[in-house]
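Here's a look around one protein model, taken at an easy pace. Have the viewer open and follow along.

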Amino acid sequence: MAAASDCGTVSDDTLFELRYARSHDDLWSMLERLYGAHPDFETFRVALDDSLREAWRERPADLKLLDLRRDLEPDWFQRPGMTGYALYIDRFADNLKGVAERLDYLKSLGVTYVHFMPCLKPRPGDSDGGYSVMDYRAINPAYGTMADFEAVTAACRARGISVCVDFVINHTAKEHAWAEKARAGDPAYRDYYLMFEDHDLPGRYEKTLLEVFPDNAPGNFTWYADFERWVWTTFNEHQWDLNWANPQIFLEMTRVMLFLANRGVEILRLDAVAFIWKRMGTRCQSEPECHMLLQALRAACRIVAPAVIHLEEAIVSPAEMLPYLGRGEHDGKEGNLAYHNSLMVQFWSALAARDTQLMTHVLGTHFPPTLTNATYATYLRCHDDIGWAVTDEDAAAVGLNGPMHRTFLSDFYEGDFPGSFAKGEPFQFNPETGDKRISGTCASLAGLEKAEAGADPTAIARAIDRILMGHALIASYGGIPLVYMGDEIALLNDYGYHSVPDHAHDSRWLHRPRMDWDRVARAEAGTDAAAGQVLAGLRRIFARRAAVPELHAGNATEVLQTGNAALFVFARRAPTGSVVCVFNFTETWTAIPASWAVQQGARNLRDMLSDAPVGDAGGVIPLPPYARLWMR
Ligand code: GLC
């Protein structure tokens, strides 16, 4: 192979100019609309242009080679071989060096994408799980150094694993150098944030704003007596919202983005993107300017570091989420990935209700069969709570009452509802809206904690089946399935957080237990039956997924109507034929006519997950409790 960045007669500079030409309009058409009227626009233009060129000059040769590879294989992240895993560095393996020693384990699960949960230098004390960043150019010293980070990303790359890190763009910690200067009175830095001398404007904004953390961080503004300003703080008091209407923020954050890309990051998880643009009289969420900014960030990345893709975190309703994957004028130009929050919510909703009608309606109605240059991050659990994002309209469409269904789900997963198999804790109860979110690990919410406490073998088997069915669902629906650390060994809730002063106020720590390597050893040795079945099951699911080309995320996902409320069924439509995926969301046996499955495109009545026949063409396909079938 030729030297890393030497493409025969095509020089590095030529490559850069070609890519700049490719994305020039995607970038500048947005920036002109956003900032063209700003008095400093010309200075900004020159500074941004310089920054892009400088970042390219600094981009390491091996990453430039990866850029080329990705230019040639733009669907790399949509391929069925992709499987993600999200981990806390300290809770998984103490520090970055420890993570490097655990790559074989990740590989054994089929992982090709690893999300290091917030790992940049956080503020001291409570840092919202690391989402209160003090320095975007330094690694959390508890995890190691930037050199350690680069070593781990290189080791991952060598193993075919892409590293994802959080790019927290809505706010910085109040201890960030910019915030310190703003606090000290520097007017340029005061304009980095949203600061007000009196409560007039904050009061007017508050009228239409929502509450993200109503329990422990009520209100969206904080008064600081020392410098006599109200500061916009959507999340916690220590997280100061950035003023993206100031082009200087775009410049600074683009530099940070490219700095991280040049350290070997391949997936940037853009945090809390819905909140970055403020407009009086609105919720200040998902304003059109958010999408313009996100397209511009994406374009800057494609110019300098095309190997890198963007995952946009917007945990909102379906109609509001889809634009983060590029709709309308942004089609193919915005996020490459976005969390499929609806799939996650509908999974838990259908499990509790033992009824898939709402799920089939929501997933069949609101989502297009394919996306341009983008796909979903599919998941069952993550480090955050579950908010019951079911609209009243969707509930009504299947004869449910929205508020009552949402209350049912909270009660069910808290464990209070009669007959509930789940065990969780509430997160941020909002008495004004009745909204109650839920914390808990996948296994505890799926019933394993209660079943093990009751030493009930049938209940244990059901819980394991729910976990496996859920993972078979996210592995086949279309997108990159993300396993959340510990779910592969069915880790239970960690109640220890109640006695950690910085965590006790935040029940999300319930589902952030330390990785239990003894449990992994027992799972592998067969001495912990539940953990062993889940681990072996997940390994199998992701290995099978990698072997089914129809599951490529570029192929359409068509949700099918069965008329059977126990079942959620979809077909993946590939040019070579279909794969029909069937899931039984109840603990009772049911069946589908084999002829129906054949009509929907199942050519071979064999389950590709278990590699076993499922019935004959003339009869029925029997479906045991929590059955999951993938039929080609
Ligand atoms: C995102 C993170 C969440 C964090 C919030 C504020 O939603 O997932 O954990 O609290 O952003 O940064």
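What follows covers the ligand site, the salt bridges, a small sheet and a few residues with something odd about them.

Keep in mind throughout that this is a predicted model.

**The ligand and its surroundings**

Let's begin with the ligand. Around it sit Asp128, Tyr131, His171, Phe213, Phe235, Gln239, Arg269, Asp271, Glu313, His383, Asp384 and Arg508. Sort that shell by residue type and you get 3 nonpolar, 3 polar and 6 charged members.

Three of the side chains put a polar atom close to a ligand oxygen. For Asp128, an N or O atom of the side chain is 2.7 Å from an oxygen atom of the ligand. Asp271 has a side-chain N or O atom at 2.9 Å from a ligand oxygen, and for His171 the distance from a polar side-chain atom to an oxygen of the ligand is 3.0 Å. As for how covered the ligand is, it would expose 310 Å² if taken alone, and the protein buries 95% of that.

**Salt bridges**

How many salt bridges does the model contain? The count comes to 48. Here are three of them, each with its N to O distance.

| Salt bridge | N to O distance |
|---|---|
| Asp26 and Lys333 | 3.3 Å |
| Arg45 and Glu42 | 3.4 Å |
| Lys97 and Asp148 | 3.4 Å |

Take the pair Asp26 and Lys333, whose side chains meet in a salt bridge at 3.3 Å. Asp26 belongs to helix H1 (residues 12-35), while Lys333 is in the loop between helix H13 (318-321) and strand E13 (337-339), so this bridge ties together parts that are 307 residues apart in sequence. Asp26 is buried, at 15% relative accessible area, whereas Lys333 is partly exposed at 30%.

Arg45 and Glu42 tell a more local story: they sit 3 residues apart in helix H2 (residues 41-58), which puts about one helical turn between them. Arg45 is partly exposed, with a relative accessible area of 26%, and Glu42 is partly exposed as well, at 48%.

Then there's the bridge between Lys97 and Asp148, at 3.4 Å from N to O. Lys97 lies in helix H5 (residues 96-101) and Asp148 in helix H7 (residues 146-158), so the pair links parts that are 51 residues apart in sequence. Is each partner buried or exposed? Lys97 counts as exposed at 53% relative accessibility, but Asp148 counts as buried at 16%.

Some salt bridges also share partners: Asp128, Asp384, Asp506, Arg508 and Arg512 are joined into one network that way. Go back to the ligand for a moment, and you'll find Asp128, Asp384 and Arg508 among the residues that surround it.

**A little sheet and its loop**

Next, an open sheet of 3 strands, in the order E7-E9-E8 and with antiparallel pairing. Its edge strands are E7 (195-196) and E8 (221-224), each pairing on one side only. E8 pairs with strand E9 (residues 229-232) in the antiparallel sense, over 4 bridges. One spot to click on is Tyr224, whose bridge partner in E9 is Arg229.

The loop between E8 and E9 holds Glu228. What is unusual about its backbone? Most residues other than glycine have a negative phi, yet Glu228, which is not a glycine, has a positive phi of about 50 degrees. Glu228 is also exposed, with a relative accessible area of 52%.

**Ala455 and Ser595**

Ala455 shows a positive phi too, near 45 degrees, in a residue other than glycine. You'll find Ala455 in the loop between helix H19 (448-453) and helix H20 (457-476). With a relative accessible area of 60%, Ala455 is exposed.

Last stop: Ser595, which lies in helix H23 (residues 594-599). Ser595 is partly exposed, at 41% relative accessible area. How far is Ser595 from Tyr495, 100 residues apart along the chain? Their C-alpha atoms are separated by 49 Å.

Methods. Residues are numbered from 1 along each chain as its sequence is written. This is a predicted model: local features need pLDDT of at least 70, side-chain atom pairs count only at pLDDT 80 or more; totals for chains, interfaces and linings use all residues. Side-chain values use heavy atoms; hydrogens and water are left out. A salt bridge is a side-chain nitrogen of Lys or Arg within 4 Å of a carboxyl oxygen of Asp or Glu. Helices (H or I, at least four residues) and strands (E, at least two) are DSSP runs, numbered from the N terminus. Buried means under 20% relative accessible area, exposed over 50%, partly exposed in between (1.4 Å probe, protein chains only). Two strands pair if DSSP finds at least two bridges between them. A residue is near a molecule or strand if one of its heavy atoms lies within 4 Å of it. A polar contact is a pair of N or O atoms within 3.5 Å; within protein, one must be able to donate a hydrogen and the other to accept it, and residues adjacent in sequence count only if both atoms are side-chain atoms. Accessible areas come from the Shrake-Rupley method with a 1.4 Å probe; for residues, only the protein chains shown count as cover. Ala, Val, Leu, Ile, Met, Phe, Trp, Tyr, Cys and Pro count as nonpolar, Asp, Glu, Lys and Arg as charged, and the others, Gly among them, as polar.
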